[in-house]
Amino acid sequence: MSASPRPGHSPVFASLAKAEPFRSAEEAWFWTMAALTARRDGARISAGKGAALRPCDPDDVVKCLDRLYRQRRIELCHARILRIWGERGMPPSPRHANERGDARLWREALSRLEFPLRLKGIVAGTPRLEEAAEVLPFAPLRP
């Protein structure tokens, strides 16, 4: 008995080699928020049905953000700004006085999110190690 539902038909699985990574963390975040908003509104999310095959699920991006929060690399206010402006589908503008603080938090959060997304292959490009951590000079203890 064949594993496929019809004789002579074999299932086709999408290859990650054909997946198109995002150009930036901002693009990945807007895609994630659109998918999460659609899921919240009742849409059934299934892999491989979009315009472009992506190398992740929306939950993978959220897990990267959660890990940054647990490592204290971002704060709750960063996640809040990402959620608010992600739902709006546009970044905050530093040109508007009432959005300047949000724009600063937005840039900080996305710059910190970029490295883990590049490391996982969600965002195109290789991660630069100088972005990973700041090297502090060692100060020896004096007795």
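**View 1. The buried residues of helix α4 in this predicted model.** Start with α4, where the buried set runs through A103, L105, W106, A109, L110, L113, E114, F115, P116, L117 and R118. The helix covers residues 100–120. At 1.5 Å a residue, its 21 residues ought to span 30 Å, and the end C-alpha atoms sit 31 Å apart, so the two values agree. Just past the helix comes G121, with a positive phi near 85°.

**View 2. A kink in α4.** Zoom in on E114 and you'll find a bend of about 30°, shortly before the proline P116. Both E114 and P116 belong to the buried residues of α4.

**View 3. G101 in α4.** What is the status of G101, buried or partly exposed? G101 is part of helix α4, and with 38% relative accessibility it counts as partly exposed, because buried would take a value under 20%. Look for I81 too: G101 and I81 are 20 residues apart in sequence, and their C-alpha atoms are 9.7 Å apart in space.

**View 4. Helix α1 and what its buried residues pack against.** Here's α1, 16 residues that reach 22 Å from first C-alpha to last, close to the 22 Å expected at 1.5 Å a residue. Its buried residues are A25, A28, W29, F30, T32, M33 and A35. They pack against three helices: α2 (58–70), α3 and α4. After α1 comes G42, which has a positive phi near 110°.

**View 5. α1 against α4.** The axes of these two helices are 9 Å apart and meet at an angle of about 95°, which makes α1 roughly perpendicular to α4. On the α1 side, the contact uses A25, E26, A28, W29 and F30; α4 brings W106, L110, L113, E114 and L117. Sort those residues by class and you get 8 nonpolar, no polar and 2 charged.

**View 6. α1 against α3.** Now swap the partner for α3 (residues 76–88): its axis comes within 9 Å of the α1 axis, and the two cross at roughly 75°. That angle makes α1 roughly perpendicular to α3. W29, F30, M33, T37 and R40 reach in from α1, to meet L82, R83, W85, G86 and E87 of α3. The class count for this contact is 5 nonpolar, 2 polar and 3 charged residues. W29 and F30 should look familiar, as they also take part in the contact with α4.

Terms used. Residues are numbered from 1 along each chain as its sequence is written. This is a predicted model: local features need pLDDT of at least 70, side-chain atom pairs count only at pLDDT 80 or more; totals for chains, interfaces and linings use all residues. Side-chain values use heavy atoms; hydrogens and water are left out. Axes are lines fitted to C-alpha atoms, for helices over the stretch in contact, and angles run from 0 to 180 degrees between N-to-C directions. Helices (H or I, at least four residues) and strands (E, at least two) are DSSP runs, numbered from the N terminus. Angles under 35 degrees count as roughly parallel, over 145 as roughly antiparallel, 65 to 115 as roughly perpendicular and the rest as oblique. Contact means heavy atoms within 4.5 Å. Ala, Val, Leu, Ile, Met, Phe, Trp, Tyr, Cys and Pro count as nonpolar, Asp, Glu, Lys and Arg as charged, and the others, Gly among them, as polar. The expected span of a helix is 1.5 Å times one less than its number of residues. The bend at a residue is the angle between axes fitted to the seven residues ending there and the seven starting there. Buried means under 20% relative accessible area, exposed over 50%, partly exposed in between (1.4 Å probe, protein chains only).
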